[in-house]
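Welcome! Have the sequence and the 3D view ready, and work through the exercises below at your own pace.

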Amino acid sequence: MRKIFGLTTLLIGLFLVYILSTPQKVGETAIPPLAKLLNPYTGAWQNAESVEDYTDFSLESDQIKEEVRIVFDDRMVPHIFAQNLQDAMFAQGYVEAYHRLFQMDISTRSPDGRLSEILGPNLLDYDKKQRRLGLGYAADNAVQGWGQFPEELKNVNAYSAGVNHFIQNLKPKDYPLEYKLLDFAPSEWTNRHCALLLKAMTQTLAGYEEDIEMSNALRIFGNEDFNLIYPDRNPKDIPIAQGPFLKAKESFDNLNISEISDVYKQSIDRPRSPDGVGSNNWAVAGNKTVTGKPMLANDPHLGLSLPSVWYEIAITTPHFSAQGVTLLGMPGIMIGFNENIAWGETNVGHDMSDYHTISWTDNTKTTYMLDSQVVKADLKIETYNVKGTGVIYDTVRYTHWGPVVEDETNLALRWIAHDASPTPEFMAFINGMQCNNYDDYLKSTADFYAPAQNFVYADNNNEIGIRINGAVPIKNYRQGVTISPGAASSDGWQGIIPRDENPQERNPTRGYVSSANQYSASADYPYYYNGNFEPYRGRTIHKYLQKRDTVDIAYMKTMQNSTYSMLAEEALASMLPMLDSINSSHPFAISLAKWNLHYDANSLDPVRFDKWFTAFHEMLWDEIYTQQDKVALPSPDLWVTVNMIEEVTDSKFYDIEATPVIETLSNLINLSFAQTLDSDPIPLSQEKNAQILHLTRLPAFSEMEIALGGTKHSLNAMQQTFGPSWRMVVALGEKPEAYGTYPGGQSGNPASPFYKNKIAAWAKGEYDKLELATKPEDISKSLFSVSITHEK
């Protein structure tokens, strides 16, 4: 009996050792070996941090030329002091990996289609879509293009060397927590990873297209109704650049879009630019500020995540001292200031991805017709090493236009992201942060290729300016609105607009420049462009700046945090007077009539308005919304609805097709209002349920149920998971006075006190003062410092 008991105990023990020491699966989800994860010496326990843990240390590397010192201030912001630019880039790579290695890793795996390697088969479909979009192909093209600029490339090489210095000296017990949870190890960083992050940014910011949906709409509704439902531009818009322009505009207003022969039941299922991506920026001239020197504000709106999208950093060499934020994986400072200038960006929003039809010669889809010639497609075999499953293969067909994203559609994607930049695009933010005047800044940032951005600028010389910066294709009228033909190479773009002819303004008489993802230029701009443009925030900036003779820092902060909705103001001005006597006397209507039009967190009125306007909008365009489950159709823009009810008293679209009676505009407004009375609204913050999710979507590492106001059409453009990812205000002068805030913390370690310590202040609209330190002694409060010397 004792032998049996002993053997049983041994077998149970061996079973437990096996279970705890090997990866297991729960459904389709792989979980790491628990013994490895919970090991007190090498497991998750080793990732706990406290402020008392930080001590000075030193490093040696043969990749640097002279000593570098990094001082982490009391907000955990690294201030890099280097004697030359390349050593500064090495240090930037090191500190970003020190704080955000897992974020950098997963952010490159996503565009490269390699998430299933660490997360299992649930991510395989996503990986396939990413590779079929050609993001890895785009990164390869970028790296090949960068090779034309060996001297400039030394800066990226130094950055990558800094990342790798951290990785190579990392012991398994010190791996970031997520590596232990997912049971994999960091790998070498290359310049291709930097290119992948740039392509991921291009996907987020220049991934808009509705080619299939628009083609279907044109086919179903015809030109006249199509142009009414989906007009090319909003007549109320105040564009970024308002002309006049040197080049004359071509006459093409009366041209129509060519129709397609087929109707597509579904759009191409791929990751696109998410709804809500956008930003605000503006610069105010010294004659309109209380200090007499320009002020600049910028707040990019992106998907919020933990760790934070942005990493705050300061870089000083004998030639410059700059501070601001950077996107992980690309050297330089993207949004920031130095002793003489300030700069920032917003997204342009142009459509730079067009689908072209492919005429295959046979069912094998290996050759196609182009310019009346048979052309062989390049078949690329994609290999996926799926965790817990094994190796999976897929074939992607590449054509003259680009990849065929879905074989069933016979459509190939021409996308700006696939281009190899003819310039050292990676130098735009490295060179830009060193400039002292606008001419130098325009020249230094002209290397930027994609995704095109609105670069705003201000300096101590009392200059302000804004330029649409990046590659913008030359298109024929309405080219790319719908699916483009692909039988001839002449069916593509006609080139890239010369950079000096991109829309721009410099020191306008109004005393400010601004952008908020609206149209780039006024109607007399000589080049055609289409895209996804925000109709209200740009006009809201103008409204705020026009009503004040002078502005100060406090006013700039107030603007950034404003929840005022111009959409609500314009819509309610038309809708409330059309309510009948019963509806107009309802408490909801009375409250909306008194509402201050701000989307405040505790307010009920924004929820009431949103439900009413959404119900009305979908009722008005029932011809579209009732078909969307059968055929891919684009939803009409909200501004089209507002403009229509302001200007059109009688329209066939006011009639609801499913009813026997003929409805009027007044009928729709009252019917939609009655629909909102079915339930009592809850405060906006509860309806919004704002949250900032960890990259792995683990709730324990996320911040949930944040009480926030705002709407995507207010300057504080907060939605559930999208919103202001960094707010910055800079007042230039003898010494810049700057403030910034963001929803997160410097560290990517969920067990660090600096992981999400800034969320509460950001949510309340509070800012940190950003002190530009030109030497280490200027930093009054520091946590620790790092010294990097040349290894002999």
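At 25% relative accessibility, Glu703 counts as partly exposed, a class between buried (under 20% relative accessible area) and exposed (over 50%), found with a 1.4 Å probe on protein chains only. This is a predicted model, where local features need pLDDT of at least 70 and side-chain atom pairs count only at pLDDT 80 or more, while totals for chains, interfaces and linings use all residues. Residues are numbered from 1 along each chain as its sequence is written, and side-chain values use heavy atoms, with hydrogens and water left out.

**Exercise 1. Find the salt-bridge partner of Glu703 and say what the pair ties together.**

Step 1. A salt bridge is a side-chain nitrogen of Lys or Arg within 4 Å of a carboxyl oxygen of Asp or Glu. Glu703 meets the side chain of Lys756 in this way, at 2.8 Å from N to O.

Step 2. Glu703 lies in strand E24 (residues 703-706) and Lys756 in the loop between strand E27 (737-741) and helix H23 (759-763), so the pair ties together parts 53 residues apart in sequence. Here helices (H or I, at least four residues) and strands (E, at least two) are DSSP runs, numbered from the N terminus.

Step 3. Lys756 is also partly exposed, with a relative accessible area of 30%.

**Exercise 2. Look at helix H5 and describe the salt bridges of Lys129 and Arg131.**

Step 1. Lys129 pairs with Asp125, and their closest N and O atoms are 3.1 Å apart. Both residues belong to helix H5 (residues 124-132) and sit 4 residues apart, about one turn of the helix. An α-helix has 3.6 residues a turn, so residues three or four places apart point the same way.

Step 2. Arg131 forms a salt bridge with Glu382 (3.1 Å, N to O). This pair links distant parts of the chain, with Arg131 in helix H5 and Glu382 in strand E16 (residues 378-386), 251 residues apart.

Step 3. Now check the surroundings: Arg131 and Glu382 are both buried, whereas Asp125 is partly exposed at 47% relative accessible area.

Step 4. For the wider picture, the structure holds 31 salt bridges, and a network of them links Arg75, Glu312, Lys758 and Asp768.

**Exercise 3. Describe the largest cavity and its lining.**

Step 1. On a 1 Å grid over the protein atoms alone, a cavity is a set of points where a 1.4 Å probe fits but cannot get out, and lining residues have an atom within 4 Å of a point. There are 4 cavities of 30 Å³ or more.

Step 2. The largest cavity has a volume of about 80 Å³, the space filled by probe spheres set on the grid points, which are joined across faces, edges and corners.

Step 3. Its lining includes Leu101, Arg114, Tyr179 and Trp189. Helix H3 (residues 85-112) gives the most to this lining, with 4 residues.

**Exercise 4. How many residues of helix H20 are buried, and what covers them?**

Step 1. In helix H20 (residues 638-647), 7 of the 10 residues are buried. Among them are Trp639, Val642 and Ile645.

Step 2. The cover over these buried residues includes helix H10 (211-229), helix H15 (566-575), helix H18 (605-620) and helix H21 (665-675), where contact means heavy atoms within 4.5 Å.

Note on methods:
On a 1 Å grid over the protein atoms alone, a cavity is a set of points where a 1.4 Å probe fits but cannot get out, and a pocket is an open set with protein on both sides within 12 Å along at least five of seven lines; lining residues have an atom within 4 Å of a point.
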